[in-house]
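Student: I'm new to this one and would like a close look at a single part. Please start small, and then show me what lies around it.

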Amino acid sequence: MKLIIAIINSDDAGTVTRSLTRNGFSSTRLATTGGFLMGKNTTILVGVDEEKVSAVIDIIKEHSHSRKQMISTASGVSRDFPIGMPVEVNVGGATIFVVDVEQFQRV
Ligand code: 2BA
């Protein structure tokens, strides 16, 4: 079994989880915060058999859109950007991790 951890834009979360449910996948939504922009995003957890991983990733990809976001570097958010200059970053569609599950139990 695998655990898919997908960090997505919160505006896409409803569509992604509804589509997962329609296709027979259980999921859990967590309210999370990105460490760079300090903005709210959503992390979705999906436990599935290995052969279903690509189907889940396809659903996440289909409904996760990338967005451009302006950030102010006045707060010194990164050493890579000159301070005081607005910088455009491309956020998403989705950041996806697939990890092995040692045990899965419902008790
Ligand atoms: P944030 O950390 O708020 O990052 C938002 C966007 O800012 C990133 O979009 C990326 O375009 C940019 N960014 C992040 N760190 C940067 C840096 N050190 N220098 C320049 N630009 C940087 P995404 O890559 O699409 O990431 C969206 C969200 O996914 C992230 O929000 C974070 O919550 C999560 N994420 C991305 N990569 C991750 C990783 N390796 N581990 C854990 N979470 C990750």
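Tutor: Let's agree on one word first: two residues are in contact when they have heavy atoms within 4.5 Å. You're looking at a predicted model, where local features need pLDDT of at least 70, side-chain atom pairs count only at pLDDT 80 or more, and totals for chains, interfaces and linings use all residues. Residues are numbered from 1 along each chain as its sequence is written, and side-chain values use heavy atoms, with hydrogens and water left out.

Our part is K2, a residue of strand β1 (strands are DSSP E runs of at least two residues, helices H or I runs of at least four, both numbered from the N terminus). K2 counts as buried because its relative accessibility is 16% (buried is under 20% relative accessible area, exposed over 50%, partly exposed in between, with a 1.4 Å probe and protein chains only). Its side chain has a partner: K2 and D100 are joined through their side chains by a polar contact of 2.3 Å (a pair of N or O atoms within 3.5 Å; within protein one must be able to donate a hydrogen and the other to accept it, and residues adjacent in sequence count only if both atoms are side-chain atoms). Setting aside neighbours within four places in sequence, K2 also touches V46, G47, V48, E50, V53, V98, V99 and V101, besides D100.

Two of those contacts lead us outward: V46 and G47 are among the residues that line the second largest pocket. M1, L3, F104 and R106 are on that list too, as is the run G24, F25, S26, S27 and T28. Strand β3 gives the largest share of this lining, three residues.

Now over to S64, in the loop that runs between α2 (53–63) and β4 (67–71). S64 is buried, since its relative accessible area is 10%. The S64 side chain reaches back to the backbone oxygen of I60, at 2.7 Å. Beyond residues up to four places away in sequence, S64 touches I8, D12, V16, G93 and A94.

Follow G93 from there. G93 sits in the loop between β5 (87–91) and β6 (94–100), and the peptide bond joining G92 to G93 is cis, with omega at about -10°.

G92 takes us to the ligand: twelve residues surround it, and F36, L37, N41, N90 and G92 come nearest (a residue is near a molecule if one of its heavy atoms lies within 4 Å of it). L37 puts a backbone N or O atom 2.8 Å from an oxygen atom of the ligand. N90 likewise has a backbone N or O atom 2.8 Å from a ligand oxygen. With N41, a polar side-chain atom is involved, 3.0 Å from an oxygen atom of the ligand.

One last stop is M38, in the loop between β2 (28–33) and β3 (40–48). Its phi is near 60°, a positive value in a residue that isn't glycine. Unlike the buried K2, M38 counts as exposed because its relative accessibility is 61%.

So that's the walk: from K2 with its D100 partner, by way of S64 and its contact with G93, to the residues nearest the ligand.

Notes: 1 Å grid on protein atoms, 1.4 Å probe; cavity = no way out; pocket = protein on both sides within 12 Å on 5 of 7 lines; lining within 4 Å.
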